[in-house]
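This briefing looks at how charged side chains are paired in one protein chain, and at the setting in which those pairs sit.

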Amino acid sequence: MSRKPATRTRPTKTAPAATQASGVTIRHYCQGIGDCHLLTFSKPDGTPFRVLIDCGIHVSIAGGPTLVGDIVADLRKETGGKIDILVVTHEHWDHVSGFLTAKGLFKDFVVADVWMAWTENPADTEAAELDKFKGQALAALQGVGQKLDGMQGLSSYMAGVRDGLQSVLGFQFGAAGERVRSARDAAAKLSQKPSPTYFEPGGPPVSIDGLPNLRVYVLGPPRDKAALRLEEKASEMFPLASGGPFARALTSGLKMNDAADASYVDELSPFERNVGTPLFAALNGDKGSDPAIDVGTYVRKYYSGPVSAAASMEDRDQSWRRIDADWMGIAADLALQLDRGVNNTSLVLAFEFIDSGRVLLFPGDAQIGNWLSWKDLKWPVGQGTVTSADLLARTVYLKVAHHGSQNATPQKQGFDLLTSADLSAFIPTNKVDAVKVHWGEMPYDGILTALETKTKGRVIRADDPWLADKNGKPAFAAPSGSILAVRSVPRDAARGPGGLWVEVDLV
């Protein structure tokens with residue numbers, strides 16, 4: 001792979017003899033909530049050039065590691081274990097888990113190069129700063145999650161915080177939280193090069209040796225911290241950079257509440273640690289050191305409740321007074337910053353066929369801040385310039401970002417710019433699974449409606465019922481728009497219903 005500038009700004013009607021014609025086959029694996037996409041281009045001599053984008057599954061999916069094992073086995077069968085470029089879009093479990101859970105299957109693959117975003121580069125100062133924040137935040141959230149799991153009688157709000165933390169730690173970052181880093185690193189080690197190739201927006205489009213008719217534009221992730229912070233609306237900023245104080249506050253609180261750490265000194269406490277009875281001890285029935293006062297009974301009656309049903313009504317349940325867990329409520333804000341900020345670090349790639357000018361857009365899980373950061377991007381191409389708006393206008397195939405969530409594709413700077421009459425799309429989503437993990441409406445109805453209109457119905461979802469049928473076909477007629485043909489293979493019956501993969505030939 002080299003990073004040579006392209007030589008023309010606009011496509012010509014006929015491809016030069018030295019290049020291959022436009023065309024690619026994309027195999028989307030249908031694990032439901034997770035991404036794994038195999039792009040097969042044809043070199044001028046007719047041999048295949050394979051690009052694999054991500055390989056992961058949401059930890060909530062029953063039998064997920066087994067299903068990923070089936071996917072990797074299919075990848076090996078299809079490619080012979082040879083991948084020219086492995087793209088790892090970002091550090092989330094549902095995009096990288098397969099490189100860890102199916103590590104034994106991947107070990108015999110030959111991967112020429114691994115592409116990652118600048119945010120994963122350990123030699124990059126800004127990436128190291130972001131990585132330090134992620135590590136501190138994750139450690140704090142794990143500590144809070146463990147503490148909340150062991151507490152009884154939580155308020156409905158704090159119970160919601162606990163459940164939300166479980167979602168972030170388990171579903172987004174792997175069953176043990178830290179495993180996502182191991183999965184990402186396992187993917188990086190597959191490269192035959194000493195280290196991955198890291199990308200950021202700016203500079204000329206990327207040329208790939210062996211594919212003279214293709215150039216690749218890097219749209220994200222942005223360097224701008226404000227863009228990384230932007231999650232939903234212009235008025236709702238979740239500043240990644242301010243997560244540090246949240247993480248430090250939670251870490252200090254956890255140390256202060258850790259009875260086993262007798263050496264920790266809380267400089268803000270008005271009393272020494274040996275004064276009084278710890279709340280956790282009182283809640284467990286400790287009467288305290290003063291024989292005249294039963295601290296445990298007092299706390300149960302006036303603070304923690306509930307007490308015996310025979311007690312008077314005013315003494316029945318005083319647990320609504322509890323505030324001992326409320327300090328951990330900021331974990332919800334920290335979790336949101338961490339989760340959404342990582343989505344915005346997605347490596348976003350646009351693949352352009354030089355002869356036809358047609359574009360394939362793969363935005364990973366990019367959310368609003370990442371998308372909006374492309375607005376003013378420009379690339380020198382020959383004697384002219386290509387803009388992000390131009391690329392979006394020529395996009396004929398879209399891998400929908402973040403499973404079709406509401407905050408993953410903007411309207412004005414996203415859908416409104418996708419104006420090609422040949423647009424088609426794929427959504428890696430299982431709606432039933434999204435509901436199970438309390439993700440709300442995913443895919444979002446407004447996005448589905450817009451896509452159906454723009455594509456004239458050429459939208460494929462990972463949970464489409466026809467994918468479970470070996471003779472199933474989509475509702476739209478093929479060839480249609482950018483799609484020349486569609487093929488699919490259902491899962492093995494023993495793995496449950498649904499498709500294993502759906503494959504489209506594009507031009």
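Glu126 has a relative accessibility of 33%, and because that value lies between the 20% and 50% limits, the residue counts as partly exposed. The model discussed here is predicted, and Glu126 is a useful place to begin, since its salt-bridge partner is Arg223, with the closest N and O atoms 3.6 Å apart.

**Arg223 and its partners**

- Arg223 lies in the loop between S8 and H8 whereas Glu126 belongs to helix H5, so their pairing ties together parts that are 97 residues apart in sequence.
- A salt bridge also connects Arg223 with Asp124, and here the closest N and O atoms are 2.5 Å apart.
- That pair links distant parts of the chain, with Arg223 in the loop between strand S8 (211-220) and helix H8 (225-229) and Asp124 in the loop between strand S5 (110-117) and helix H5 (125-149), at a separation of 99 residues.
- Glu200 likewise meets Arg223 in a salt bridge, with an N to O distance of 3.0 Å.
- Because Glu200 is in the loop between strand S6 (197-199) and strand S7 (206-208), while Arg223 is in the loop between S8 and H8, this pair ties together parts that are 23 residues apart in sequence.

**Exposure of the residues involved**

- Arg223 itself counts as partly exposed, at a relative accessibility of 26%.
- Asp124 has a relative accessibility of 13%, and because this is under the 20% limit, the residue counts as buried.
- Glu200, with a relative accessible area of 31%, is partly exposed.

**Salt bridges across the protein**

- The count of salt bridges in this model comes to 22, among them the pairs that Arg223 forms with Asp124, with Glu126 and with Glu200.
- Salt bridges that share partners also join Arg27, Arg50, Asp74, Glu78, Arg487, Glu503 and Asp505 into one network.

**Overall architecture and surface**

- The protein contains 16 helices and 17 strands, and buried residues make up 52% of its 507 residues.
- Among the contacts with a separation of 6 or more, 71% are accounted for by residues 24 or more positions apart.
- About 22100 Å² of the protein is exposed, and carbon and sulfur atoms supply 55% of that area.

Definitions and conventions
Residues numbered from 1 in each chain as written. Predicted model: local features only at pLDDT ≥ 70, side-chain atom pairs only at ≥ 80, totals over all residues. Heavy atoms only, no water. Helix = DSSP H or I, 4+ residues; strand = E, 2+ residues; numbered from the N terminus. Buried < 20%, exposed > 50% of the residue type's maximum accessible area, 1.4 Å probe, protein only. Contact = heavy atoms within 4.5 Å. Areas by Shrake-Rupley, 256 points an atom, 1.4 Å probe, with all protein chains shown as cover. Salt bridge = Lys/Arg side-chain N within 4 Å of Asp/Glu carboxyl O.
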